[in-house]
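Please read the following note alongside the coordinates. The points go from a single site to the chain as a whole and then to local backbone geometry.

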Amino acid sequence: MANFRDWALQYVLSDEDAFQHSIAEKAAREIESTSANRATVGNWAASVQPWMSSSLAGDDDRMDDGDDGSSGDIIARAKALGFLAGTLEALDKNILRTDQLTFLVGFFGAMFSYDHKAGITASTKALRRISTMKGFKPDMGVKMIEDVSKLKEDFRLQAVATRLEIYELFLSLIQNQAVNSELQHKYGASSGFVVDLLQLCQHERDPRNLMIWFKIIATLLSDYAVSPEVTEETFKAFSAYFPISLRASATPIGITADDLKAAVRDCFASSQRVASHAFPFLLQKLDQGDAVTVAVKVDILRTIKACVERYESPQTSIVPYTEKIWNSLKYEVRNGEVKETIDATLDVLRAIANKLDGSRNQKLPIELLKNYIDVVFKDCRVDLANPTYTKQAGVLVMTVITSNIRGYVLESAALTDCVRQNLRQPKSPSHTKDLLLILNSFLKSRSELVANRKKGHPDDEEQLKSESRDHLDALFHDTYLKIWTANSAEPESENFETLKHILQGLALLANQKVVQQDGSASLLHSGAACSEICALLSQVLLKGLTLSSNDNVTSSSLEEEAQLALRAVVMTYASGYGEFSRKAKAEIQKRDWANASEYSLEALKSLVFRLAFVGCSEIPSDLAVDAISKSPSPLQHFITLTATLLDLFPLVPASSITSPTKESLPNSYIVAALHAGLLFFKDACISKYPSEALVSHSKCDANWIDEFSALPQNWIQLLYASEAADSAIESKGEDSPEVYRQFLRLSLFLTRHLYRAVSVGPNAVWNDRIVGQVANIAALVIRNLSEQVQITCGLAREAFNLFTESSTASSPKHTSELLTRGVLEGLWPGAMAELYHPGGIAETFLCQHLDSEGLPPHKCTTRASIGLILTNKYKGGPSTSDPEGLVIKQVLTFWGEKLQGASTSDVTRPLDTLNTIAMHVLAGAVARQDKHVLDVVPTLKASLASDHPNGSAVAHSLGILVRDSDLLSPENHAVVRRFYKQWTYSQLAKPLYEFALPAVDKPSPAAAKYRAAILSIVSNCAFGVYEADLEPLVRLLIITLGAPTTDPGNREHLAPALEIMVEILTNEPDALKSHIKAIIDSAMAVYDGCLPGSQGKPAAGETRAAVARRNAALTASRKLVLQALAAMPKKLEESVLVPFSLPLQRMLGLACGDPVREVRQVARVARENWVKIA
């Protein structure tokens, strides 16, 4: 037989929660083992009797007498009851019978009458546990509420945690549907238990307890049929807390002021029975004027909105108060200045309109909504004619009328007519602008209502089918066009804002849709009206070409607005883009572009880029103009743009080009616009379609290149002229990601067409600048193709065939090299595998065609880029044509030997071209961490150690190996290992420190080259790469900065050294502390040495461009010096810097007069920072 009394004693004597829990678990298991027979449960309940008797024998008297043992009795009694509560918590919910639960409810309930000082928390926990058990009956819940309510005034004396337990008990009981029914059956509408609860909890102030108390109140009001008198008393109980706030507390409680506001708001909105009290109370609070803060005002408005949205039976709960609400709230907008308050007010007015309209499943009588709108419109109609209040009145009436479709259909014509009437006789230009804003907002809201028509009640769509449209049809000619004509004739700057609003309105007007009888949508206006709107917008964009620079007074902002408006129009009225492109093409072709002025060239550039933006920056809609018209293709605008620009090219024929600069600019702008159109359309696809769909639709099994061979060269122009058909293009709707695949297909055809045109065209037209643009187009298109498509189409071969029948790899020109770079740049490594056969195209190109000297810089850069791509995207391995990696090993060895030979040969030749190409070839392999790079490292170090002058060039260019490049970006599918820079630094730079910092007694003439090599690499690495070597690196920086700046070789080191210094200051300034004097002295010397004139006169034969580059480098060095000095006071301790403060302030004061403005700005910042150093 279990000894429950011993367990109870152990529980009472223990202060450890874990031990107490184990005792309770033991007691629970014992009860369960006996199936909770009467004797066992009786023994368990009687086990706490020693501690209970004192509570009935006059504990209060003993406490009053000051008995020292009474406090211990109270604690022990609480623990004893805790033993029972803990046992119930651990007990199976199904084990106790109803009669046993009844006994326990009586026992624990008695504690609230006899023992207010101990055991309340435990008793409450026990009752909560009982309420969840299988044998629990509703009448037990009623008794629990009655027993706990007997605490009366002693409730407020309980601890916060105890009250929280009681609130949790109350909430669980009143939310229990069975207890709910029992309470209402026993008390009826009088709901005496509610009154008891209100009296019990009326003084609560703890935030956590209030959250539950407010939830209890909300439940009582929403789920219990209480009498009006009780409703009023309940309202008084929670409204006394409004508006509620929360004091700042040092101890986080997990509850915010917004949480409390929301909880009180739920009470207000819990039942329509509260409406007669809530609305007058809230409006009275709102009408207190300046005494109400913005936060309180917003709280009131949000509470009113919640009431409106959640009250049932709006005829009785809301309609009686709508006019009062309107009369109070309208001034918050009419005279309001605070956005938060205005927005909250509009939310309330919108909520009322939607409530009176009905729900998605059931509409209310239309008179309710009409009467409300009439009240609003009556007041706003007068204000619309008053410039002071026009905007506010428009916002108010617009909010109400366009809240739902029924409201729009009821009053849209009246609102439109009212605005139009005021526009005929505006009081001022600002009055006109405000009225246009209202009209535009109305059209925008109408579009949203039509677009969302299927989300509401079925009657909404039926209403739109039968709506009157005469007032909308008249807007273009009667309103917008008249005001445009009147204001555009007077090009004063104050009219531009009005004109911009008109352009916005025209776009909205042209995009208006009507619902046909079958539920489909078509354009509101006829094709003729939309065409007229497009003509007006096109006229604005064409003014740059149609008018001279003196006559064209259209502001750029107005042109940008027209551009946006026209784009919006042609996205639904597809024919409008064709009209715009034809007009633009005709205007462009009228002029002689061989001798164009700067103004005309700028106008051309602006127009062709706007042509691309208008047509391709969004996916056109497949909406038909009317019910019988054919839906356009989403690719129609892209085809139109491409065909138009191809027809225009070349604007300047080869015979008229005498210089590859100015005369070729018109042609360059056309190709650039093609590139822009591709970019715009690609971005539009990315915005419209999910990324997974784009990936899957960039794949295709077909060989598009083979398909193109059967098509005419002018296939795109034929598509535009409807002289050719393509079912794959024409059958796609705007929502199908297949549009993206067909866009890629068209783009690849365009690339092929341009490449073939370059191959046969005159060099004067296809100069390097334009060919470079074509190469960029190819890179853009090809990088978006999947690897599968690239392989199927054989694009790796086309990089060298240039989409022609014969390979150009055997006789490369710079033009073809640019085109080759464009294709290679966008290829996946897997698509290039066929190039890497031993002795194949890649090896031949890398080891033969790239090996040249004396190339101009731009040609050298192109070849270097090709070398980098080919070595980076090399994909060798067992499953490839080069399983041993022999190709890449051969290539790297070849270039390593070339560098070594140039650095050790007795013949001194310029190394610029060779060095640039070699470093880029190595850089591609370095990014992959190719193991064969390690075989070249000794060769590079030998070049550095050589006394040959070219060794210095190699040292300065080593940074190319780790320099960030667009060619190595993920977008171009480059193979870049995550830690390749750390790998390169550890292999090349780190071993050089001992040679770059020789001992004082062992000077080394090659040390300067080693320092240059380290700086070149480190300046292109993140701080984390070289963080472990800060000590030798700082010494190296000091030596570098201390070298004479008059030496050109030293000047080259300054910028990277200073950049690294700034980086160290940013990330680990303590590394500089022990060297601070040397660093500051060197920095001051560098600044003085880089001042204009400090380098002496230019050397004989030094070109003006070389002088400019030298001066720019000196300016950059001065700026970097000052940035480093400016960072020191923020990064280093003041005590370290104090000795240098005065000299530096004098130096920085002089630097504030530097001849370069950007340097002066940095100097001022640095001086302000150093002034703070005592």
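Leaving aside its neighbours within four places in sequence, which residues is Ala218 in contact with?

1. In this predicted model, Ala218 is in contact with Asp266, Cys267 and Ser270, once its neighbours within four places in sequence are left aside. Ala218 itself belongs to helix α13, which runs over residues 207–223, and its relative accessible area of 13% puts it among the buried residues, because buried means under 20%. The C-alpha atom of Ala218 is separated by 60 Å from that of Phe979, a residue 761 places away along the chain.

2. Confidence should be kept in view throughout: the mean pLDDT of the chain is 87, and 91% of its residues reach 70 or more. Over residues 55–70, however, the pLDDT is below 50, and this stretch has 14 contacts in the model beyond near neighbours in sequence. Residues 807–812 likewise stay under 50, and for them the model has ten contacts beyond four places in sequence.

3. As to the overall fold, the secondary structure of the chain comes to 60 helices and two strands. The radius of gyration is 42 Å, whereas a compact globule of 1174 residues would have one near 32 Å, and the C-alpha trace spans about 120 × 90 × 70 Å along its principal axes. Of the 1174 residues, 54% count as buried, and among contacts between residues at least 6 apart in sequence, 77% join residues at least 24 apart.

4. Turning to surface and charge, the chain exposes about 50000 Å², of which carbon and sulfur atoms supply 51%. There are 121 positive and 136 negative side chains, and the centres of these two sets lie 3 Å apart.

5. Two threonines in helices deserve a look. Thr341 is placed in helix α20 (residues 339–357) and is buried, with a relative accessible area of 4%; apart from neighbours within four places in sequence, Thr341 is in contact with Val294, Lys297, Val298, Leu301 and Glu332. Thr751 lies in helix α39 (residues 738–760) and is also buried, with a relative accessible area of 1%.

6. Not counting residues up to four places away in sequence, Thr751 touches Ile777, Ala778, Val781 and Phe803. The last of these residues sits in the loop between α42 (795–801) and α43 (814–826), where Phe803 counts as buried at 3% relative accessibility. Phi of Phe803 is near 60°, a positive value in a residue other than glycine, and this merits checking against the general background, since most residues other than glycine have a negative phi.

7. A positive phi is also found at Gln929, where the value is near 55°. Gln929 is in the loop between α47 (912–927) and α48 (933–945) and, with a relative accessible area of 29%, is partly exposed.

8. Finally, the model contains cis peptide bonds that a reader may wish to inspect, given that most peptide bonds are trans. The bond from Phe242 to Pro243 is cis, with omega near -5°, and Pro243 lies in the loop between α14 (228–239) and α15 (257–268). A cis bond also joins Phe649 and Pro650, with omega about -5°; here Pro650 is found in the loop between α33 (636–648) and α34 (665–688).

Definitions and conventions:
Residues numbered from 1 in each chain as written. Predicted model: local features only at pLDDT ≥ 70, side-chain atom pairs only at ≥ 80, totals over all residues. Heavy atoms only, no water. Helix = DSSP H or I, 4+ residues; strand = E, 2+ residues; numbered from the N terminus. Buried < 20%, exposed > 50% of the residue type's maximum accessible area, 1.4 Å probe, protein only. Contact = heavy atoms within 4.5 Å. pLDDT = per-residue confidence, 0-100. Rg over C-alpha atoms; globule rule 2.2 N^0.38 Å. Areas by Shrake-Rupley, 256 points an atom, 1.4 Å probe, with all protein chains shown as cover. Lys, Arg positive; Asp, Glu negative; His and termini not counted. Charge placed at Lys NZ, Arg CZ, Asp CG, Glu CD.
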